[in-house]
Amino acid sequence: MLEINMQDVLAVLDLIIPYLIGLGVVLLLAIVTIIAARKLSNRKKFMVRSQSGIAIFLAVIISLNLIAYGPMSTLLALASGEGSISEESGERAEELGEEIAAEGIVLLENDDDLLPIEGDSNLNVFGWSSTNPVYGGGGSGALSGTYETVSLLDGLNNAGLNVNEELSEFYTAYEDTRPAVEIQEQDWTLPEPPTDTYSEEMLENAREFSDQAMVVISRSSSEETDLALDASTIEMDNNSDSYSEFEDGMHYLELTQSEQDMLDLVTSNFDDVILVYNGANPLEMGFVEEYEEVKSVLWSPGPGQTGFNSLGQIVTGEVNPSGRTADTFAYDLTTTPYYNNFGDFAYDNVDEFAVEGDDHWGQTPTFVNYVEGIYVGYRFYETAAEEGLIDYNDTVQYPFGYGLSYSTFAQELGEINEDGNGNLTVDVTVTNTGDTAGKEVVQLYYTPPYTNGGLEKSAVNLIAFDKTDVIEPGSSQTVTLSFNIEDMASYDTSGDGAYVLEEGDYDISLRANSNEVVSELTYTLDETITYGGDNSRSTDEVTATNQFEHAEGDIEYLSRENGFANYDDVTAPPSTMSMSDEAKSMFINDTTYNVSEDNDPDAEMPVTGADNGMELLELRGADYDDEAWEPLLDQLTVEEMSRLIVLGGFQTQEIDSVGKVATLDVDGPASLNNNFTGVGSIGLPVALMLANTWSEELAYAYGDSMGEMAVEMGVSGWYAPGSNLHRAAFGGRNFEYYSEDPLLSGKIGANAVEAIGNYGVHSYIKHFALNEQETNRNIMITTWSDEQAIREIYLPSFELPIKEGGTTGVMSSFNYIGPEWAGASDALLNTVLRDEWGFRGTVLTDYFMNIWGYMDTDIMIRNGGDLALVAFEAPGIDLDDTESATAVQAMRQASKNILYTTVNSNAYSDDLLDQGMLSWEKVAIIINVIAAGIVIVLEVLTFRKAKNIPLKEES
């Protein structure tokens, strides 16, 4: 979501202009009155001028009060929040950040056992990024600037290594800060000194300092902008006038010319080179194989404020790396199945959908085609290799789930056990066969039976995983992995319109990564199971049926049939830039939606404004369907419900009629950030690094730490975690999302939200759903995808945090799913989320701006949305219909969802309830009392002085 920006500032100014005009009128009248009093007697003239001055003073005070208690009340409430992070919880968070980085940094190469190196060694660290590394991401996922960070060089030094200070001073002198890659401010420059600026003396000193070198290369990314597929077109400076960093057609995840030259320089001077890639987006790293001198490679996504300490400890061997890749590293990203269908695609025939006017941008819909269907990430590579479409070893450099250790481990797969309720379990015994204590990740995959031309199925699918404790050399640990056979079902859109588990042999394989089989067993299903009708999946409250056929559009999707025979046609750039007539007929935005046509003539008007004497607190812990909700909801007035719904940015409003307190929500999946008070929490590693740990235990600890700090900040809602997938390596928010795999993403997210939920903090898991790119994210981007991919790939990462994590908050997304805005999709928000999954709670929009021409509160509440993420009375946010029975019913339902979430949060714990009146209101009362006193004193003094003025007229 967006931060407060100039658009917000201008909108706020628009709101207060009427008050300022009123004040101006009073000032003008007072001045005219003062001038007109020139010919009055001295006493009268004094009185008129004195009273005019007092009137001006009163007008200023009254205007300020009207503004404060009117359009600025919500912003003042946010800006007056209290709370800070205690030293104890801060220290625990810093320690946790190091633990996550210790298990989330991935060792990708270690030829000749170059790593670890002695702790007191000298080390040359090359690369400008060594002095300006990436700690997190830009936008809502940014770290708080409140706390100091441990730099990469600090981390190495703290581990006992001696780094070449001449080199670091050289880089700092070249450029001392990293160019900004933030919302509305993207400078993609990658500073790297040209090799002709390295003096021979400096290189000779480096060779004398140490025979070992480290090279650091970084890539940063941010909300609102994806990484460029053609890097020659973006705003960046070259490091030399003699060459361009990127030639035409090169993308941002390739080495720049300066980086390539620097690597050539280092490898020509040193035989033992360690490469550190510091970035969340998988870089094309085939160049590593071109240099025999590059023997060790470490992947360190943003490690937060303290995680670089762990990098140093891994380099010296104090920590044995146990991270595994949460994404696949491909040699050539331009050959990925999504490459030609990711980014900027604008329709050429949709001018009728442009919303014109002063309050709108007049933009027209864009689109993105998820042509690869279910074949996302490793699912494509493993299946394409199985079908002979690709040579796996020539295509994939580092598989999903890949990572090295300083030790070796043997894994032994036990037998499959079935409990009679559809649950399967297997024991895996892990033995440390090396000489270094360490942790190991256990990964279980399944291969379903596939019929050519039948239901689409990936050849390899993650089904369960776990991570061991530290295992000493020669010792073993047995872990038990479990899953339900229904978890292997595929969604059959065109056939049964349900999840289907086809009969046949299911290979259950223990793997070192998605590609390397350790051992496997076979589970045989004698007959097909269809989860339709009354036979729903065990975790669903309502049987899943087709809901997204309207989102499939008229495009063809990748099929495994005949060895991916349609691959070239399907993965080519879009064949048309025109929206079909059928899609146009269903497309909904401000030009096509008429709220009055959406009314049910038979709807019954709910009771409002009743005096039933109930307080919201009475329903804390009550079931969502408890009958006691009805008399409470009857007490709400239409005005209260309307204000509650449309002013939900970083807060929920107080409601006097039911005793609802105001609550505070904050952004920040890696660092809780109150953008209004400036208070922030310790910055933990980015979500991707957490996923790289493959540790549900650390994910739980992550949520626990966030919960502890949230309570200290007085926070009840957390705009996190990000549960979207890494569909493409170029996603601008990949740092903020967990993985390319929905199970890994879902399990990590579920543990985080369960833990923070123990503190009464509700997580608004975001962005629901199919929001896998930033480009055109709020330009009515219509996302086209087949229902099988939606069900199997893009929804489970949200489904698990809801079903297992128990979150009571969801943030919808900017994008459209087919012709419907996701924030007002009845199929997504009501049928799937609430009916099928059993979600009970609040659906919040992403940053709400009606200027885009489609975010509409009327259609939102009628289709499952509850709360608009806007912090002030911006133009276009108000409900157009507050009088029809249909509208009031929708308002009542949305209000119930918000109240249910709020009353079961920490806002109704004793600590927060005792805070009472907001601090800005206390200040306002004090100011008003003082102002009243000043007026009384001025009046008294005025009348006293007037008595002493002669009545004689002026000549």
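Glu 204 and Arg 207 both sit in helix α7, three residues apart, which is about one turn of the helix, and in this predicted model the two form a salt bridge whose closest N and O atoms are 2.7 Å apart. Both ends of that pair are partly exposed, Glu 204 with a relative accessible area of 33% and Arg 207 with 29%.

A second pair within one helix is Glu 799 with Lys 803, four residues apart in α21, with closest N and O atoms at 2.6 Å. Here Glu 799 is buried, at 8% relative accessible area, whereas Lys 803 is partly exposed at 25%.

Now to a pair that spans two elements: Lys 747 forms a salt bridge with Glu 804, at 3.1 Å between the closest N and O atoms. Because Lys 747 lies in helix α19 and Glu 804 in the loop between α21 and β28, this pair ties together parts that are 57 residues apart in sequence. The whole structure holds 34 salt bridges.

Let me turn to the sheet, which is open, has six strands in the order β1-β8-β7-β6-β2-β3, and shows mixed pairing. Strands β1 and β3 stand at its edges with a single partner strand each, so one side of each has no neighbour in the sheet. Four bridges join β1 to β8, and these two strands run antiparallel, with Glu 109 opposite Val 297 in β8. Helix α7, where we began, packs on this sheet and touches β2 and β3, its direction making about 145° with that of β2. Helix α8, for its part, lies across β2, β6, β7 and β8, running at about 170° to β6.

Technical notes. Residues numbered from 1 in each chain as written. Predicted model: local features only at pLDDT ≥ 70, side-chain atom pairs only at ≥ 80, totals over all residues. Heavy atoms only, no water. Pairing = 2+ DSSP bridges. Contact = heavy atoms within 4.5 Å. Axes fitted to C-alpha atoms, helices over the stretch in contact; angles between N-to-C directions. Salt bridge = Lys/Arg side-chain N within 4 Å of Asp/Glu carboxyl O. Buried < 20%, exposed > 50% of the residue type's maximum accessible area, 1.4 Å probe, protein only.
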